[in-house]
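Colleague: Could you walk me through this one before I head back to the bench? I'd like the overall picture and then a few residues.

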Amino acid sequence: NPYRKAGPLPSTSPSYVERPCDQQLDADANSQSLIAISGEFGIGKTSLMTRAKYRWRQSRMACWVDLEATRTDDPHLFFRRFFEEISRQAKSAVYDWISLRELPDSQPLVLFLDEFGAITKEVANPFLAGIHHIAQPDRLQIVAALPVSMPDFLLRVGVDNPKYRSNWSPIQVEPFDDQQTDALLGLLPPVAQAAASSEREIIL
């Protein structure tokens, strides 16, 4: 079975079907410091980032933080665990934004922030201030995934500084079109493909 019932696809999954958002993310990676990936639940935001992390592995160092797994209601605990996780992955002591910015620069760093929508009002403003302090297109990039647009989300959690809302390059993950659906169904054996195609509207 080439498919996965739930959750993000592994980085080299044969059932991953590229969409325009893949090309846009690659293009933004060459010019933008802040990238916000948005889309509805289960549409493939995390899979998109997982694939990019693998694709960029020769040219960029990457750290991945699942913000839903952190205590976003307690600023002190949140930042401590956030920097501890980056330290663990970077194999270097990171205890604040300055030490994160000063990580060894043999390669650019991409900080993938999954489930960015888990950020709460308690930590939103200092977290966004830190992100903007360290982000540089050719040195340290932030790629965040969340269910709504970044400006809308930041307004919702009380981030009213326009600088923090306006500098994100948006990428919208759209549902599969007919061509992409055909590519996905084409992974099935012929008999199963014919059966799935006949029930296409129900399945998708």
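**Overall picture**

Modeller: Sure: buried residues make up 45% of the 204 residues in the chain. Keep in mind that this is a predicted model.

Colleague: How many helices and strands does the chain have?

Modeller: Both kinds of element turn up here. Counting along the chain gives 10 helices and 5 strands.

Colleague: What radius of gyration does the chain have, next to that of a compact globule?

Modeller: A compact globule with 204 residues would come out near 17 Å, and the chain agrees with that. Along the principal axes, the C-alpha atoms fill a box of roughly 55 × 35 × 30 Å. The radius of gyration of the chain is 18 Å.

Colleague: Of the contacts with a separation of 6 or more, what share comes from residues 24 or more positions apart?

Modeller: Contact here means heavy atoms within 4.5 Å. With that cut-off, residues 24 or more positions apart account for 75%.

Colleague: And the surface: how much of the exposed area do carbon and sulfur atoms supply?

Modeller: The chain exposes about 10800 Å². Of that area, carbon and sulfur atoms supply 52%.

**Strand 3 and its partners**

Colleague: How many of the 6 residues of strand 3 are buried?

Modeller: Look at both faces. Leu-109, Leu-111 and Leu-113 point one way, Val-110, Phe-112 and Asp-114 point the other way, and all are buried. Strand 3 (residues 109–114) is therefore largely enclosed by the rest of the structure, the buried count being 6 of the 6.

Colleague: Which residue in strand 3 is the bridge partner of Asp-66?

Modeller: Strand 2 (residues 61–66) pairs with strand 3 in the parallel sense, over 6 bridges. Asp-66 has as its bridge partner Asp-114.

Colleague: On to strand 4: which residue there stands opposite Leu-113?

Modeller: Strand 3 and strand 4 (residues 140–146) run parallel and are joined by 5 bridges. Opposite Leu-113 in strand 4 stands Ala-144.

Colleague: Is the β-α-β crossover from strand 3 to strand 4 right-handed or left-handed?

Modeller: Follow the chain: it leaves strand 3, passes through helix 5 (residues 121–134) and arrives at strand 4. That crossover is right-handed.

**A few residues**

Colleague: Is Phe-153 buried or exposed?

Modeller: Phe-153 is found in helix 6 (residues 150–156). Beyond its neighbours within four places in sequence, Phe-153 is in contact with Phe-116, Gly-117, Ile-119, Leu-146 and Val-148. Its relative accessible area is 4%, and the cut-off is under 20%, so Phe-153 counts as buried.

Colleague: How far apart are the C-alpha atoms of Phe-153 and Arg-165?

Modeller: Along the chain, Phe-153 and Arg-165 are 12 residues apart. In space, their C-alpha atoms are separated by 9.0 Å.

Colleague: What about cysteines: how many disulfides does a search of the whole structure find?

Modeller: Cys-21 counts as buried at 5% relative accessibility. Cys-63 is buried too, with a relative accessible area of 0%. As for disulfides, the search finds 0.

Colleague: Lys-91 has a positive phi; is Lys-91 buried or exposed?

Modeller: Its phi is near 55°, in a residue other than glycine. Lys-91 sits in the loop between helix 3 (75–90) and helix 4 (97–101). With a relative accessible area of 75%, Lys-91 is exposed.

Colleague: Where does Glu-115 lie?

Modeller: Glu-115 is not a glycine either, yet has a positive phi of about 55°. At 31% relative accessibility, Glu-115 counts as partly exposed. Its place is the loop between strand 3 and helix 5.

Key. Residues numbered from 1 in each chain as written. Predicted model: local features only at pLDDT ≥ 70, side-chain atom pairs only at ≥ 80, totals over all residues. Heavy atoms only, no water. Disulfide = S-S within 2.5 Å. Buried < 20%, exposed > 50% of the residue type's maximum accessible area, 1.4 Å probe, protein only. Helix = DSSP H or I, 4+ residues; strand = E, 2+ residues; numbered from the N terminus. Pairing = 2+ DSSP bridges. Right-handed = clockwise from strand over helix to strand, strands pointing away. Rg over C-alpha atoms; globule rule 2.2 N^0.38 Å. Areas by Shrake-Rupley, 256 points an atom, 1.4 Å probe, with all protein chains shown as cover.
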